[in-house]
Every structure is written in structure tokens, then in C-alpha cells.
Amino acid sequence: MNDDPRQAAVGVQPASLTAPHPAAFVFIFITVLLDMLALGAIIPVLPKLVVSFMGGDTASGAEVFGLFGTAWALMQFLFSPVLGGLSDRFGRRPVVLISNLGLGLDYIFMALAPSLAWLFVGRIISGITAASVSTAYA
């Protein structure tokens, strides 16, 4: 495993084999918990919010809600590798904190959105910064 005889002689473990700090584990666990709670909170609220913007038309609201879900998933698909690269370069903690900031911005956009376009912008921001779970797994 260890090709460097100097490390083997001294008994130094490579940095990749050291155990994570308990505080870092708790930070990541709480972040993932907040993300899952946010997802659980958005599922019942967002469809009703979209239908209310559509004037009560459930069929049109369902189409728009499907578009919102598709856009969010597409942004997450495209930007998860980008955020993974950023987390390799700058560290996991800053990327997770930026992901939490994006989640907070999404809730601000949802609360203050005067139109469906603003609501859509919030979902795009949330999709772009929703990589905290994949960063936590890393």
C-alpha cells in the first residue's frame, strides 16, 4: 500500500487514511439533515404555490411543476461535478456552506416571488447549489 519507505519507517499514515474529525462529521450530518428537511418541506408546498400562480388551473400547474422539477434536476446533474471539482480545490466546508446559502436564497425567492419566473429562478439557484449531499458523500 505504502510505496514510500520513509513513511513506513516512521509510521506516518498518508492524509487520506486518517480518521475524520468528529466535529466535521457532525457538521456534514447536520447539513445533509437540513437538505433533506428542506426537500421534505418543499414537496407539499411548491405544487400549491405553482397552482395559485396559475389562477387555480391544476392541469397547467402540473405542467409547470414538472418543468420546475426537470430544471432543478438538470441543474443538479450539470453542476454537481462542477461543485465536486470546487470542493476538491477549495475544500468541502466552503462548498457545503455555499450550498446552504443557495438553499436559503431559494426559500427567499419562494417567499417573495411575485411571479412564476421568480419562482423558477429560485429553483434554478437551488438546483445549481444543491450538491451538498454529493459533497458530503465525498
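These are my notes on two helix pairs and one loop residue in a predicted model.

**Entry: α2 and α3**

I started with helix α2, residues 22-53, and α3, which spans 58-90. Their axes come within 8 Å and cross at roughly 125°. That angle is not over 145, the cut-off for roughly antiparallel, so I put the pair down as oblique. For handedness I noted a right-handed crossing of α2 past α3.

Next I listed who touches whom. From α2 I have Leu46, Pro47, Val50 and Val51, and they meet Thr58, Gly61, Val64, Phe65 and Phe68 of α3. Sorted by class, this contact holds seven nonpolar and two polar residues, with no charged ones.

**Entry: the loop at Gly91**

Moving along the chain, I found Gly91 in the loop between α3 and α4. Buried or exposed, I wondered about Gly91? Its relative accessibility is 23%, so Gly91 goes down as partly exposed. I also checked Gly91 against Thr135: the two sit 44 residues apart in sequence, and their C-alpha atoms are 9.7 Å apart in space.

**Entry: α4 and α5**

Then I took helix α4 (residues 92-112) with helix α5 (residues 116-128). How far apart are their axes, and at what angle do they pack? I got 8 Å and about 170°, so α4 and α5 are roughly antiparallel.

On the α4 side, the contact uses Gly102, Leu105, Asp106, Phe109 and Met110. Their partners in α5 are Trp118, Leu119, Val121, Gly122, Arg123, Ile125 and Ser126. My tally by class for α4 with α5 reads seven nonpolar, three polar and two charged.

Methods:
Residues are numbered from 1 along each chain as its sequence is written. This is a predicted model: local features need pLDDT of at least 70, side-chain atom pairs count only at pLDDT 80 or more; totals for chains, interfaces and linings use all residues. Side-chain values use heavy atoms; hydrogens and water are left out. Axes are lines fitted to C-alpha atoms, for helices over the stretch in contact, and angles run from 0 to 180 degrees between N-to-C directions. Helices (H or I, at least four residues) and strands (E, at least two) are DSSP runs, numbered from the N terminus. Angles under 35 degrees count as roughly parallel, over 145 as roughly antiparallel, 65 to 115 as roughly perpendicular and the rest as oblique. Contact means heavy atoms within 4.5 Å. Ala, Val, Leu, Ile, Met, Phe, Trp, Tyr, Cys and Pro count as nonpolar, Asp, Glu, Lys and Arg as charged, and the others, Gly among them, as polar. Buried means under 20% relative accessible area, exposed over 50%, partly exposed in between (1.4 Å probe, protein chains only). A crossing is left-handed if the near helix is turned anticlockwise from the far one by less than a right angle, and right-handed if clockwise.
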